Amino acid sequence: MKILVAAATSAELGPLIDRFSLGHDQPFQRHEHFDLLVTGVGMTATAFALGRFVLPEHTLLLNLGIAGSFDPDFPPGTLVRVCTDTFSELGAEDGEKFLPLDELGFGSASLQPENRRQYPLAEALPAAAGITVNTVHGNEKSIETLLSRYGSGLRLVESMEGAACFHAALQLDIDCLQVRAISNRVERRNRNAWQIGRAIGELNDWAISFLLQPR
Ligand SMILES: O=C(O)c1cccc(C(=O)CC[C@H]2O[C@@H](n3cnc4c(=O)[nH]cnc43)[C@H](O)[C@@H]2O)c1
């Protein structure tokens, strides 16, 4: 099994990069245990990078990063496994209504990986539902609208890449795990409250253990 680790920024994987003596500046690097891809932020950059760098030998795409949380049970520092992820902005407006992709007849905006293998270290993490966005929510009205669409009790987290990774893995017929460390609550933008260092620490401790498992 060869793992492709994908993250939006090298900063999110700083401790892992140091632990495995990799470089902080190259987008794609090979290591005996895994390959590492830094995609850039957002779904377009992620999809393009995965299209370029996923190789036939990769059997697992491991998407790692920080994320925002809508759920008070997932405060900053919490590690979650995103099991389902939705392109929440893909659709059409009809006056006050939002018509998701599914209702337009263009397939499903919500994706779930179809994994062949089991991954106990990932499966032990709390399960979350993800939405993937181009615009980080930071406005009370848009957060209220979003929660009225998806419900507030859904263990919901937000990233800018997750669903693009699930899409690529499904297209390429490979396993995919998305593990995110919560860096911030999704609320009226309050950058001073983001706990990025703490989230990166938790994420990298987990990822290093995962990659060092005997396979
Ligand atoms: O400022 C820093 O030191 C810093 C270090 C590492 C990473 C960052 C980022 O801003 C990473 C961007 C990345 O984070 C995800 N993210 C985090 N919170 C949210 C959110 O509330 N909504 C959506 N995405 C979020 C996202 O996947 C970005 O790619 C900064």
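**Pockets and ligand site in the predicted model**

The second largest pocket is lined by Glu 93, Gly 95, Glu 96, Lys 97, Phe 98, Lys 141, Ser 142, Thr 145 and Arg 149. Two elements, strand 7 (97-100) and helix 5 (140-150), each give two or more residues to this lining. Helix 5 contributes the most to the lining of the second largest pocket, with four residues. By class, the lining of this pocket holds five charged residues, three polar residues and one nonpolar residue. The volume of the second largest pocket is about 250 Å³. The structure described here is a predicted model, and the pocket values were computed from it.

The largest pocket has a volume of about 310 Å³. Its lining is made up of 20 residues, and those nearest the centre of the pocket are Glu 12, Ile 66, Val 136, Met 160 and Trp 194. Strand 4, strand 10, strand 11 and helix 7 are the elements that provide two or more residues to the lining of the largest pocket. Eleven residues of this lining are nonpolar, five are polar and four are charged.

The largest pocket is also where the ligand sits. Around the ligand there are 20 residues, of which Glu 158, Met 160, Glu 161, Asn 184 and Arg 191 come nearest. Met 160 is thus named twice, once among the residues nearest the ligand and once among those nearest the centre of the largest pocket. At least two residues of the shell around the ligand come from each of strand 4 (58-69), strand 10 (156-159), strand 11 (175-185) and helix 7 (196-212). The shell consists of ten nonpolar, five polar and five charged residues.

Polar side-chain atoms of the protein approach the ligand at Arg 191, Asn 184 and Arg 180. In the side chain of Arg 191, an N or O atom is 2.6 Å from an oxygen atom of the ligand. For Asn 184, a polar side-chain atom lies 2.8 Å from a nitrogen atom of the ligand. An N or O atom in the side chain of Arg 180 is 3.4 Å from an oxygen atom of the ligand. When taken alone, the ligand exposes 610 Å², and 80% of that area is buried by the protein.

Definitions and conventions. Residues numbered from 1 in each chain as written. Predicted model: local features only at pLDDT ≥ 70, side-chain atom pairs only at ≥ 80, totals over all residues. Heavy atoms only, no water. Near = heavy atom within 4 Å. Polar contact = N/O pair within 3.5 Å; in protein donor to acceptor, adjacent residues only side chain to side chain. Areas by Shrake-Rupley, 256 points an atom, 1.4 Å probe, with all protein chains shown as cover. 1 Å grid on protein atoms, 1.4 Å probe; cavity = no way out; pocket = protein on both sides within 12 Å on 5 of 7 lines; lining within 4 Å. Sits in = over half its atoms within 2 Å of the grid points. Nonpolar A, V, L, I, M, F, W, Y, C, P; charged D, E, K, R; others polar. Points joined across faces, edges and corners; volume = space filled by probe spheres on them.
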